[in-house]
Amino acid sequence: MERPAPTPRSRGHVGTRPPTYDAEPTALPAADPDDLDDLVADTVLDGARYGACTLRAVSVRGDSARYRGEPRRDSLLTARFGTGEHALLLVAMATGARATPGAHRAAAEACHWIGRAVGRSHARLAEDIRDGRRGDLKSGLHRLTARSLGKLRASASEQGVDPEEYAASLRCLLLSADPACRTRVFFGVGPGGLFRLREGEWQDIEPQVAVVRGEPVVGFGSPPSETPEGDRLTMDLGIPTPPSPYEPAPEPPREPFRFRTSVARPGDTLLMCSGGLAEPLRGEPELGEYLAERWSRPDPPGLAAFLADSQVRVKGYADDRTAAAVWEA
């Protein structure tokens with residue numbers, strides 16, 4: 001009987017040279033004794049299994065922030081709304097603006113606002129996902145995202161902070177707990193990555209926000225707008241600003257709304273991540289090859305193994321990393 005190939009051993013880094021910073025945290029962020037709720041843990045790790053999918057999610061402070069004693073700018077929220085096969089799983093991740101003192105708070109607020117909005121509409125959203133109503137999903141999630149980011153801008157005005165500084169990118173994944181539903185829904189605003197590992201090869205399926213002239217080139221980094229499985233890539237070029245009691249009214253976000261539905265196959269792994277992981281995945285092929293080997297096994301990794309894999313380092317990339325991966329049974 002043929003023996004299965006051994007799983008490759010976990011590695012600390014990939015590339016020709018080791019990263020500059022230490023592999024482990026060095027300095028803690030400064031703490032205010034009167035505002036300890038403002039502290040952010042270095043690492044957050046979560047996971048679950050519902051329906052046909054297994055979820056792993058992690059958010060890790062980047063090497064640069066660990067060295068300088070700065071808080072993690074990335075925020076992660078995982079939540080289940082509803083029960084049984086009608087339940088809806090939400091993974092939300094946000095990244096605060098670089099070099100701003102309240103970046104971690106803005107990211108956390110963005111996750112909380114979208115979590116509340118999705119939670120209050122979860123029954124309708126779950127039904128739309130099961131029934132494949134892509135148009136309704138796109139328009140509905142567009143509105144929920146606009147309202148959530150509008151509340152974030154209103155919060156900035158209330159605090160007397162520049163809305164450009166108290167801002168965050170936002171990326172979300174919706175999963176149905178119904179085992180018969182294989183539709184996965186991504187939406188959000190801002191940079192990051194959406195990848196699919198299929199038959200040992202990575203596909204970059206991030207919704208594009210610019211018109212590309214010429215024929216599409218299928219492969220890593222250049223997905224087609226539609227696939228034989230019915231995946232469709234869509235986007236909008238503006239987000240309306242909801243009414244606000246604050247004057248002047250905050251401007252709408254400059255980043256376009258991103259939306260994509262993907263029909264999963266058994267054996268697929270779907271990866272949504274912040275820029276801290278998306279950039280080295282696109283920039284260092286060895287990292288993609290390593291993770292493809294690690295995550296193509298029949299069984300999903302445990303939480304500790306997923307954490308180790310997610311923080312394999314690459315020289316020149318030292319930002320926070322937040323990732324959510326879904327393994328299809």
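This passage goes through the sheet, the helices packed around it and the salt bridges of a predicted model.

A few ground rules come with the model: residues are numbered from 1 along each chain as its sequence is written, and side-chain values use heavy atoms, with hydrogens and water left out. Since the model is predicted, local features need pLDDT of at least 70 and side-chain atom pairs count only at pLDDT 80 or more, while totals for chains, interfaces and linings use all residues.

Starting with the sheet, 6 strands line up in the order E2-E3-E14-E12-E8-E9, in an open arrangement with antiparallel pairing. Strands (E, at least two residues) and helices (H or I, at least four) are DSSP runs numbered from the N terminus, and two strands pair if DSSP finds at least two bridges between them. Strand E2 (43-50) and E9 sit at the edges with a single partner strand each, so one side of each has no neighbour in the sheet. From one strand to the next, the twist averages 15°. Strand E12 (residues 269-273) and strand E14 (residues 321-328) are joined in the antiparallel sense over 5 bridges; Leu-270, for instance, has Val-326 of E14 as its bridge partner.

Two helices lie across this sheet. H5 crosses strand E8 (193-198), E9, E12 and E14, and runs at about 55° to E8. H7 crosses E2, strand E3 (53-60) and E14, at about 50° to E3. Here, axes are lines fitted to C-alpha atoms, for helices over the stretch in contact, and angles run from 0 to 180 degrees between N-to-C directions; contact itself means heavy atoms within 4.5 Å.

The helices also pack on each other. Two packed helices are described by the angle between their axes and the distance between the axes. For H5 and H6, the angle is about 105° and the axes are 5 Å apart. The two helices are therefore roughly perpendicular, on a scale where angles under 35 degrees count as roughly parallel, over 145 as roughly antiparallel, 65 to 115 as roughly perpendicular and the rest as oblique. On the H5 side, the contact is made by Leu-277, Pro-280, Leu-281 and Gly-283, which face Pro-285, Leu-287, Gly-288 and Leu-291 of H6. H6 and H7 pack at about 170° with axes 11 Å apart, which makes the pair roughly antiparallel. Tyr-290, Leu-291, Arg-294 and Trp-295 of H6 make this contact with Ala-305, Phe-306, Asp-309 and Ser-310 of H7.

That last interface also holds a salt bridge (a side-chain nitrogen of Lys or Arg within 4 Å of a carboxyl oxygen of Asp or Glu). Asp-309 and Arg-294 meet at 2.8 Å, N to O. Because Asp-309 lies in helix H7 (residues 303-310) and Arg-294 in helix H6 (residues 285-295), the pair ties together parts 15 residues apart in sequence. Both ends count as buried (under 20% relative accessible area, with exposed over 50% and partly exposed in between; 1.4 Å probe, protein chains only): Asp-309 comes in at 1% and Arg-294 at 13%.

Across the whole structure, the search turns up 17 salt bridges. Side chains of opposite charge can pair when their charged atoms come close. One such pair is Asp-204 and Arg-282, whose closest N and O atoms are 2.8 Å apart. This one spans 78 residues, from Asp-204 in strand E9 (residues 201-204) to Arg-282 in helix H5 (residues 275-283). Asp-204 is buried at 3% relative accessible area, whereas Arg-282 is partly exposed at 37%. Another pair is Glu-206 with Arg-258, at 3.0 Å, N to O. Glu-206 sits in the loop between E9 and strand E10 (232-236) and Arg-258 in strand E11 (residues 257-263), so parts 52 residues apart in sequence get tied together. Glu-206 is buried at 4%, and Arg-258 is buried at 10%. There is also a network of salt bridges linking Arg-124, Glu-127, Asp-128, Asp-131, Arg-133 and Asp-136.

Asp-136 falls within helix H4 (residues 134-159), which has 26 residues and reaches 37 Å from its first C-alpha to its last. That is close to the 38 Å expected at 1.5 Å a residue, the expected span being 1.5 Å times one less than the number of residues. After H4 comes Gly-160, with a positive phi near 75°.
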